[in-house]
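Biologist: I've got a new model open and would like to learn how to read it, feature by feature. Could you walk me through it?

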Amino acid sequence: MIFNCINELYEYYKTYGNQEGFPVFKKSTKNDKQGRLHFVTLSCGRGGKSRCKREKLVNPSLTMKIECNAKLNARVYDDGVVRVTSVFLDHNHELSPTRARYLPRRRSVGTSMKKRREKIGEAGGTVAKTLASSAVECGGHESEPSLEKVCQNYIDNIDKTRKLCLGVGDAGAVCNYFNRMQEQNSNFYYSLDFNEDGHIRNVFWADERSRAAYKSFSDAVTFDTTYLTNKYDLPFVTFVGINHHGQPMLFGCGLVSGEDTETFVWLFMQWLACMSGNAPKAVITDQDVAIHKAIEIVFPEARHRWCLWQIMKKIHGKLSCHSNNEQVTATLMQAVYDSMSKGEFDFNWGQMIQKYSLQSNAWLSTLYDNRHRWVPVHVKDSFWAGMSTTQRSENVHEFFEGHVNSKTTLKQFVERYDKALKTKVEKEVQEDLNSFNCYCPCVSHYNIEKQFQQAYTNNKFKEIQEEFKGKMFCYVHSMKEEDDFGVYEVIEDMVVENGLSNQKVCFTVYFKQAEFDVRCSCRLFEFQGILCRHIITLLTVKGVYLVPQKYILPRWRKDFRREHTKVKVSYNNWNSTPEMQRNDLISKRSAMFADFGCTSEENTQIALDFIEQFRQKFNIADPLNVNGQPIFSVSGSCQPYQ
């Protein structure tokens with residue numbers, strides 16, 4: 001093929017790369033004796049070797065380089081004409097055409113986009129509005145090359161105030177909006193609660209993608225009531241989980257008129273119905289009596305934890321009248337954060353109460369009586385998907401940043417809620433691409449680290465890497481072995497008191513070699529699903545080169561195609577891939593089973609038997625186990641040895 005200039009060839013090859021799903025780089029050029037460009041090579045962006053500088057060996061950056069040989073060679077003639085001399089089409093990696101818009105070298109903010117942003121900004125618009133305006137002209141978001149993050153770098157001031165206003169006619173508009181959304185997608189779920197006068201009292205809704213995502217990530221959910229309120233005291237509430245990248249995912253939200261037990265019971269019942277009766281295994285909430293009672297009624301089997309961040313921020317106010325307020329606060333925080341066992345916490349707490357004569361403080365007494373709901377050493381026996389004991393669910397705010405402002409009405413908020421979800425989907429797809437296309441080099445030569453590198457998403461693998469880095473501060477101090485069972489003391493040299501001193505802390509690791517069952521007293525694996533540095537230290541000493549699959553949680557894997565990624569998002573059909581279109585078509589046609597089966601018990605069994613025969617014929621895994629729980633849940637059998 002012949003092109004008029006280098007840029008024309010580059011744009012052609014880049015278009016081909018976007019079509020096939022790989023990044024394009026200018027690999028090399030060669031000049032003749034007169035200094036004129038003579039040869040040029042364009043290559044797949046994943047070609048070449050990763051070159052990690054010595055100072056970055058301990059904290060390596062993500063790299064795409066895996067020595068891919070796909071490339072194009074061309075000769076440049078004196079008149080500027082370019083002729084392709086050879087092409088190598090084969091790649092040594094998978095291609096991803098559906099994620100092409102996220103590939104490197106496509107991200108830029110053009111002049112037209114900048115001018116559009118300036119005009120919309122003068123009218124009080126947001127980044128989301130700019131992108132929506134641009135997408136309409138480009139034929140949809142998939143055709144729009146500029147990403148929101150790139151546009152955000154061009155913008156300096158955005159109104160981040162969050163307050164909803166319920167105006168005249170909003171209630172009817174919201175109902176119409178919900179009806180329209182359900183017409184577009186029958187799996188869009190909403191529920192309205194009216195008072196005796198026929199006015200909306202409570203609202204709940206969740207789109208199909210959120211419902212599908214919950215099937216994979218229902219093991220831990222945060223319920224938050226503190227984010228948004230409007231002038232009619234109608235608080236905004238959210239159900240939030242964590243996906244395989246550690247990003248927050250919205251599982252549903254609502255607007256409620258009160259914060260009493262009856263209201264929360266209604267909300268939880270609607271959410272439970274929306275999620276096909278699949279209750280979460282663990283729930284994080286504020287320290288609220290009404291919420292606690294509602295959870296006991298609707299989710300009696302769920303592990304309920306209070307948000308530690310909310311409790312700790314109240315300490316100064318609750319103890320302000322004490323003469324030694326600062327000392328009491330410091331002692332309490334030390335007992336909470338530095339205690340390594342339940343017994344140690346009880347001892348430190350008792351010492352604090354005795355030393356500062358706090359026996360009559362009702363607030364502290366209530367906290368101690370409920371210590372199993374908030375103290376880190378008490379909650380780490382359960383899996384919380386990496387939701388920190390020290391953080392508030394502030395990531396929920398990111399869902400709506402740039403989409404609402406202080407003048408947003410309820411109607412506008414519901415509509416912009418969809419736009420906010422688009423942004424979150426884009427961020428998840430971007431991380432999927434990063435884990436698909438890039439990898440983080442190992443910091444050690446251990447095969448266990450490489451095992452996690454190949455299986456986990458990049459974000460989760462980095463957490464594993466932190467444990468491998470921490471291994472340098474650990475050593476096995478003593479061991480007691482009998483048959484195939486051993487108890488080992490692993491010492492870690494830890495930094496304490498805000499980095500002012502070091503302390504050697506002993507952790508106990510239990511190891512049953514026959515079953516390869518290993519546990520640590522730090523409970524990191526039980527709490528976050530991440531193998532701790534103490535276990536890694538022991539395994540390397542024992543000469544273990546690989547860990548069983550039960551320690552590589554499906555929840556964090558990057559090679560699973562989860563159901564929510566196949567759902568065609570109902571709003572504007574902005575990310576409708578062929579797979580999503582097929583999924584949507586089959587979903588609509590399969591609704592006939594529900595219509596037929598619901599008419600009688602006999603028809604229900606006929607429909608279920610037909611589906612079961614189909615499942616067995618094509619060897620399709622049952623999405624529910626015998627207990628009706630999702631297949632991607634973390635095992636709850638991890639209990640400390642007695």
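Modeller: Sure, let's start with the overall count: the protein chain has 22 helices and 16 strands. Keep in mind that this is a predicted model.

Biologist: What share of the 642 residues in the protein chain is buried?

Modeller: Buried residues make up 48% of them. As for how the chain folds back on itself, take the contacts between residues at least 6 apart in sequence: 62% of these join residues at least 24 apart.

Biologist: Let's move to sheets. How do the strands of a sheet pair?

Modeller: They do it through backbone hydrogen bonds, and the pairing can be parallel or antiparallel. Here, an open sheet is built from five strands, and its order reads β1-β5-β4-β3-β2, with antiparallel pairing.

Biologist: Which strands stand at the edges, and why is one side of each left without a neighbour in the sheet?

Modeller: The edge strands are β1 (2-3) and β2 (24-31); each has a single partner strand, so one of its sides has no neighbour in the sheet.

Biologist: How many bridges join β2 to β3?

Modeller: Seven bridges do, with β3 covering residues 37-44 and the two strands running antiparallel. To find the register, look for facing residues: Val24 is opposite Cys44 in β3, and Ser28 is opposite Thr41 in β3. The hairpin of β2 and β3 has five residues between the strands, and there Gly35 has a positive phi near 85 degrees.

Biologist: Which helix lies across these strands?

Modeller: That's helix α1 (residues 6-20), which lies across β1, β2, β3, β4 (71-76) and β5 (82-88). Its angle to β3 is about 10 degrees.

Biologist: On to the rings. What describes a pair of aromatic rings?

Modeller: Two things: the distance of the centres and the angle of the planes. Searching the whole structure gives 31 aromatic pairs. Take Phe345 and Trp349: their ring centres are 5.6 Å apart and the planes are at 45 degrees, so this pair counts as tilted.

Biologist: Where do Phe345 and Trp349 lie?

Modeller: Both are in helix α12 (residues 342-355), four residues apart, which is about one turn of the helix. Phe345 is buried, at 0% relative accessibility, and Trp349 is buried too, at 4%.

Biologist: Which residues form an aromatic cluster?

Modeller: One cluster consists of Tyr189, Phe204, Tyr214, Phe223, Phe239, Phe251, Phe264, Phe268, Trp271 and Phe299. Rings can also have a charge over them: the charged end of Lys71 is over the ring of Phe88, 5.4 Å from its centre. Likewise, Arg371 lies over the face of Tyr368, with 4.0 Å to the ring centre.

Biologist: Now a single residue. Is His304 buried or exposed?

Modeller: His304 has a relative accessible area of 5%; buried means under 20%, so His304 is buried. You'll find His304 in strand β12 (residues 303-306). Its side chain makes a polar contact with the side chain of Thr285, at 2.6 Å. Beyond four places in sequence, the contacts of His304 are Val283, Thr285, His292, Ile295, Arg373 and Trp384.

Biologist: And where is Thr565 found?

Modeller: Thr565 is in the loop between α19 (533-541) and α20 (578-589). This loop residue counts as buried, at 16% relative accessibility. The side chain of Thr565 reaches the backbone oxygen of Arg562, at 2.6 Å.

Definitions and conventions
Residues numbered from 1 in each chain as written. Predicted model: local features only at pLDDT ≥ 70, side-chain atom pairs only at ≥ 80, totals over all residues. Heavy atoms only, no water. Buried < 20%, exposed > 50% of the residue type's maximum accessible area, 1.4 Å probe, protein only. Polar contact = N/O pair within 3.5 Å; in protein donor to acceptor, adjacent residues only side chain to side chain. Contact = heavy atoms within 4.5 Å. Pairing = 2+ DSSP bridges. Axes fitted to C-alpha atoms, helices over the stretch in contact; angles between N-to-C directions. Phe/Tyr/Trp six-rings, centres within 6.5 Å; stacked < 30°, edge-to-face > 60°. Lys NZ or Arg CZ within 6 Å of the ring centre and 35° of its normal.
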